[in-house]
Amino acid sequence: MSDCIELMHTAPLRHLAVIMDGNGRWAKQRGLPRIAGHRQGVEAVTVIVDACLLQGIDVLSLYAFSSENWGRPQDEVDALMELLLQFLALQQNKMLAKGISLRVIGDTSRMSPSLQTALKEAEAKTAGGKRMTLVLALSYGGRDEILRAVKKASRQVCQGELDPDKLDCCTFSGFLDTADIPDPDLLIRTSGEMRISNFLLWQLAYAELYFTDVLWPDFGADDLQHALDDYRQRKRRFGLTDEQLHEP
Ligand code: IPE
Ligand code: IPE
Ligand code: MG
């Protein structure tokens with residue numbers, strides 16, 4: 001068990017992670033182009049961000065674009081990047097006003113220079129937000145993140161700055177893009193798919209998993225409430241026995 005995992009089977013949910021899936025199928029069901037589904041997906045993001053604020057969630061992580069999604073048709077990739085730019089332009093002042101700090105994880109060096117600048121500006125502008133951290137996973141792959149972390153740690157070892165014997169789960173977590181962010185307590189995936197798709201592979205080690213058939217553009221505050229109610233029924237044992245958890 002990671003030293004970072006705290007025994008908190010009854011504690012409130014601090015970090016919610018979401019694989020927002022089903023935009024394409026939502027559009028197809030309506031005879032619309034896939035991008036219409038992505039556009040509606042952005043609407044769902046704004047609804048869920050507000051709902052999470054009301055729920056008092058500290059960190060909301062949204063899987064918005066995977067390292068594998070670069071392989072989609074170029075027009076879809078371009079449209080997604082454009083939507084992201086629009087999202088930043090429209091939402092950053094709102095995030096600032098609501099006390100939300102934006103944090104981007106993933107290999108954003110693959111994005112256009114203008115998008116990289118816009119992301120950095122939005123992160124800097126909202127950095128003081130204390131109510132909630134919104135983590136956007138962009139050009140993100142869990143394996144890629146772990147590899148980049150291994151490279152960073154190896155460089156420190158080579159330079160004599162890190163003793164390899166001192167590398168434990170906590171110190172290694174500090175090399176990941178999610179450094180200083182607690183592991184997710186709950187992962188929601190929409191659209192009926194039951195897989196992780198390379199999302200937060202290290203951090204999800206002990207997350208509770210919740211799958212729903214609802215397509216992401218249809219996912220609203222009531223659906224979030226169902227997921228949170230379900231989470232509250234779970235018993236998080238972290239490898240221990242029930243009896244140990246109930247010890248005073
Ligand atoms: C999720 O919806 C959004 C992204 C991956 C960017 P999809 O685009 O994967 O929608 P489906 O799975 O094709 O329905
Ligand atoms: C996962 O959805 C990535 C995001 C939601 C951004 P995909 O639709 O790309 O996942 P797979 O390919 O069906 O596993
Ligand atoms: Mg999909």
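## Starting with a definition

A polar contact is a pair of N or O atoms within 3.5 Å; inside the protein, one atom must be able to donate a hydrogen and the other to accept it, and residues adjacent in sequence count only if both atoms belong to side chains. Such a contact links ligand 2 to Arg-195, where a ligand oxygen atom is 2.8 Å from an N or O atom of the side chain.

This is a predicted model, in which local features need pLDDT of at least 70, side-chain atom pairs count only at pLDDT 80 or more, and totals for chains, interfaces and linings use all residues. Residues are numbered from 1 along each chain as its sequence is written, chains are lettered from A and ligands numbered from 1 in the order in which they are written, and side-chain values use heavy atoms, with hydrogens and water left out.

## Ligand 2 and its neighbours

Let us stay with ligand 2 for a moment. The residues around ligand 2 (those with a heavy atom within 4 Å of it) are Ile-19, Met-20, Asp-21, Tyr-63, Ala-64, Phe-65, Ser-66, Asn-69, Arg-72, Arg-189, Arg-195 and Ser-197. By class, this shell has five nonpolar, three polar and four charged residues. Here Ala, Val, Leu, Ile, Met, Phe, Trp, Tyr, Cys and Pro count as nonpolar, Asp, Glu, Lys and Arg as charged, and the others, Gly among them, as polar. Strand β2 (residues 59-66) gives the most to the shell, with four residues; strands are DSSP runs of E with at least two residues, helices are runs of H or I with at least four, and both are numbered from the N terminus.

Two other side chains also make polar contacts with ligand 2. An oxygen atom of the ligand is 3.2 Å from an N or O atom in the side chain of Asp-21, and for Arg-189 the distance is 3.4 Å. Taken alone, ligand 2 exposes 390 Å², of which the protein buries 77%; accessible areas come from the Shrake-Rupley method with a 1.4 Å probe, and for residues only the protein chains shown count as cover.

## Ligand 1 and its neighbours

Now look at ligand 1, which is surrounded by Met-20, Asp-21, Gly-22, Asn-23, Gly-24, Arg-25, Arg-34, His-38, Ala-64, Asn-69, Arg-72 and Leu-80. These divide into three nonpolar, five polar and four charged residues. Helices α1 (23-29) and α2 (34-55) each supply at least two residues of the shell, and the largest share, three residues, comes from α1.

Which polar side-chain atom lies 2.8 Å from an oxygen atom of ligand 1? That atom belongs to Arg-34. Asp-21 brings a polar side-chain atom to 2.9 Å from a ligand oxygen, while Gly-24 uses a backbone N or O atom, also at 2.9 Å. The protein covers 86% of the 380 Å² of accessible area that ligand 1 has on its own.

## The largest pocket

Where do the ligands sit? Ligand 1 sits in the largest pocket, and ligand 2 sits in the largest pocket too. A molecule sits in a pocket or cavity if more than half of its atoms lie within 2 Å of the grid points. On a 1 Å grid over the protein atoms alone, a pocket is an open set of points with protein on both sides within 12 Å along at least five of seven lines, a cavity is a set where a 1.4 Å probe fits but cannot get out, and lining residues have an atom within 4 Å of a point.

About 750 Å³ of space lies in this pocket; grid points are joined across faces, edges and corners, and a volume is the space filled by probe spheres set on them. Of the 33 residues in the lining, the closest to the centre are Met-20, Asn-23, Tyr-63, Ala-64 and Phe-65. The lining divides into 17 nonpolar, nine polar and seven charged residues.

## A cavity

The structure also holds one cavity of 30 Å³ or more. The largest cavity has a volume of about 70 Å³, and its lining includes Val-45, Phe-87 and Leu-134. Helix α3 (74-98) gives the most to this lining, with five residues.
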